[in-house]
Structures are given as structure tokens and as C-alpha cells.
Amino acid sequence: MPIGSQTSKRARLARRGPHFSFRALETVLRKSQAQAAVAIFVLAAALFSALLALPIATADGQGMPLQDAIFTAVSAITVTGLTTVDTAVAWSPFGLGVILVAIQVGGLGVITIALLLARAVTRRLGLGGRVFAQQSIGSPELGEVRRLLTIVIVTTLSIQGALAVLLAPPFIAAEGWATGTWHAVFYAVSAFNNAGFTTHTGGLTVFDGNLFILGPIVVGVFVGSLGFPVFLNIIKNKWDRTRWTLHTKLTLATTLILLLLGTGAWTLFEWSNPATIGDMDPAAKIFHGVFASTMMRSGGFAITDTAASTTTTLLLSDALMFVGGGSASTAGGIKVTTLAVLFLAIVAEARGTKDVRVAQRTIPDSILRVAISVTFLGASLVLTATTLLTLTNDASLDRVLFEVISAFATCGLSVGLSAELDAFGKIILSVLMLAGRIGPIGLAAALAIRHRNVLYTYANERPIIG
């Protein structure tokens, strides 16, 4: 190649530097979606694990055992909230700062990866597929992911700032300016990212009954669990429901239904349990039900002893944690839209309807296949991890299953098992947290990108089902 041509090419690449690297990243994501997502999260977890393993990160200055540092870093970067040590006691201000940064990076990282994968999808699909992806993502223009990322970051910081402003007065009144402001910022970030980390010994139980603190935290968790496609779509179209996307409608409807059902069921199952809310007045019981139902969606905060809940309540929590929150949100689980699509498919089959229809829209069969795949992947991960832990630990099945689903769904609610596990058990949960955060996103994107048109069909034959 002539020297002039090489110089000209280098000059073009220099001028297009950011665009070139952005497209290079998209190319990697298109070729190997799951591997790229895993690599990003593993590298981030390794970095924060190294920081938390430093002596300066611990309160006693002696350094944290490597397995606990790794577990905490993975829990923070996947915005889970499970811990093996008391966060308020074990970590120094430097360690808590590292955890806070990891939570923020993890929360934004989930959205960034989801959007980059979505852009990779839009470049491979046809015009119809790109329009569908654009509508589901909420991007103002086809493929305009960079602009959307800016909106996401600004929106995230704005909401967290508003939460911090609401939380600051009660914290400052109780703990002084410096400590109160720090806790207000920490809980604002932890709540919106659905992380569930707390900086008080005993968690939020010390604030039981303080609505000025618990109220904003509930709102932050709820908003963060909806997902950016939802509230960006609402912001863009105001409150004109006729212009909302089907994704927005399904997410809001399913979220509200699960919230109400969870509130009613949790309150009923714990109504007479003296270890949780049995001795409280009715109004306090209902508030605890609302709080618990919200946190089971991936928030991870608790104002009662989760381990003291009834077995029935733990089973209910398992189901709600497994579902999780909205797509492209900081919440985990298989996502509420996945549940909605599966439920609508069951209804359509029961009615004998050929297509799955809702809100004057038809859901493509390909979306149903993705929903089934994501659900099966989640169930397989939970089954595998539960089997391994029951083989290596003496804990009861209900405790193991609860902790495993909480890890997979990046929820963070705990019955105390994480702290009791040996190094092997902690590694299993760490891997599960990473898999639970990356798996559904990577699988859904991989299946969408692998879409191809087949120009022939085989004869139909129906196997016997049921």
C-alpha cells in the first residue's frame, strides 16, 4: 500500500477515533455476545476484588480474606447485595467507597451492555426488526445508542440526586452533616441500582417506622426496577398511554399486579408471625407488606428478619425474586415481560387462539421462544447451583433455594446462608450472581442476532404434549 494511502487511512481513523472504537466494540459483541459480556463483568469484578483485598479497605487494616473480597466485589458489580461480612463493620471508608463505585459501575454497566447488544441486533436485523428493537429500547432514532447512553447517565444521576436530597434531612438530623450526607448518597445509589447494600449494622431494621427514610428507598427501588426503556418512553410521550410501547404497558401492568399480589400474600402469611410483624398494628403490617413486596422484586433491603419468615413466605419470595424486574433495568430475574409473554401465550392456547395478542398488538412467535429460553436458562442455573450447595452443605433445602434464587436474581435478600458457606459455596454463589446478571441479557441478544431466514419448511407433525 502506498505511504500516502496509509497516512490518509491513519488520519481518517484518528478523526473517527471514538466512532472506530465504538464500532469495534459492537463487532466484538455481535460475534460473541455472551463471552464479551462475561469478560467485561469478570474484569470489573477482578479489579474491585483487588481493591477490596487491600488492607486499607478493611476497618481493622488487616485485609479481607480473598474469598470474601471476591464475593463482595461480585455482589456489588452485579448489584446484588448478598454479603458474607457485615458491611457496616468490616469495611473502612475506603472500602465502602469502593463498594459504592462498584454498585454505580455495575448499574450503568448493565444498561450499557444491554444497549450495545441492542445496537448490534439492529445492525443485523432487517428494517422491521430494527424498528421493533428501536421501539423496545426507547431510542429516539434507529441505532442512536450513544445519545441514549448520555440520556441514561444523566437520568440516573438526576434520580439518584433527587433521592439523596430526600434522604439527606432525616439522616443529617440523626447523624450529623458529614455522616448523614454520606449515608444519603450511599442509599440513593444502592436503592436506585437495586443493590441492597446497607451501611448500618442490622441494615434498615434500625429505621423501621421511619417513613422519611424508608419511603424514598422504596420509590428508588421501584423506579430502578422498571428499566430505562419504560420511563424514557413515558418521558418522551408524557402520560399519553396511546403512544406507549407494548413493552412499557406490559412492564407497568405486570409490575403493579405482582406488587399488589406480593403485598397481599406476604402480609397474610406473616400477619400472625411474632418474629416479624405479628405484634404490630394493622397499618404497620400493611406497610411492611408493601416494603417486602417491593424488595422481593430485586431491591434486597429488609426491615424484618428474613430468616424468621414462614416457609410459605420464603416460597413466595422465591417466586417473586425469580421473576425480578423490568428489562434493561438494574433489577435481575427473568424479567416481568418474560412472565407476561408466557402468561399471554398460555391464555391464547387455552382460548384456542392462533396468535398471542394483547393491547391490539400481536407478539411474534420468536419473542415467545426467547421468553421460554430465558426462563429455562434461569431454572437450569438455579437447579444446578442448588444441587451443588445441597451436596456440600448441611443447610435445609428452603434456605439453600432462597439464597440461590436471590443470587441468580441479583436480589440480595438473605436468610444468612451466604456468611455460613465455605469457600466453595461462596464461589458457587459468586459465579451464579455473574451468570444471573449476564445470562438473560446475553442469551436474549444472542438469539435475536442469530435470527436468519430459512427458505424451506418441513412437513408439520405434532408430538403429544401433556
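1. In helix α15 the buried residues (buried being under 20% relative accessible area with a 1.4 Å probe, protein chains only) are Val336, Thr337, Thr338, Ala340, Val341, Leu344, Ala345 and Ala348. Helices here are DSSP runs of H or I with at least four residues, strands are E runs of at least two, and both are numbered from the N terminus.

2. This is a predicted model, in which local features need pLDDT of at least 70 and side-chain atom pairs count only at pLDDT 80 or more, while totals for chains, interfaces and linings use all residues. Residues are numbered from 1 along each chain as its sequence is written, and side-chain values use heavy atoms, with hydrogens and water left out.

3. The cover over the buried residues of α15 includes α12 (246-270), α13 (282-299), α14 (311-323), β1 (356-358), β2 (361-363) and α16 (365-392). Because 16 residues at 1.5 Å a residue should span 22 Å, the 23 Å between the end C-alpha atoms of α15 (residues 336-351) agrees with expectation, the expected span being 1.5 Å times one less than the number of residues. After α15 comes Gly352, with a positive phi near 75°.

4. In the largest nonpolar core (buried Ala, Val, Leu, Ile, Met, Phe, Trp, Tyr and Cys residues joined through side-chain atoms within 4.5 Å), which has 65 residues, Trp91, Ile99, Ile103, Val404 and Leu429 touch the most other members. Setting aside neighbours within four places in sequence, Ile99 is in contact (heavy atoms within 4.5 Å) with Leu52, Thr72, Ala76, Thr87, Trp91, Phe186 and Phe197. A second, separate core of 26 residues includes Val152, Ala164, Ala168 and Met295.

How values were computed:
Buried < 20%, exposed > 50% of the residue type's maximum accessible area, 1.4 Å probe, protein only.
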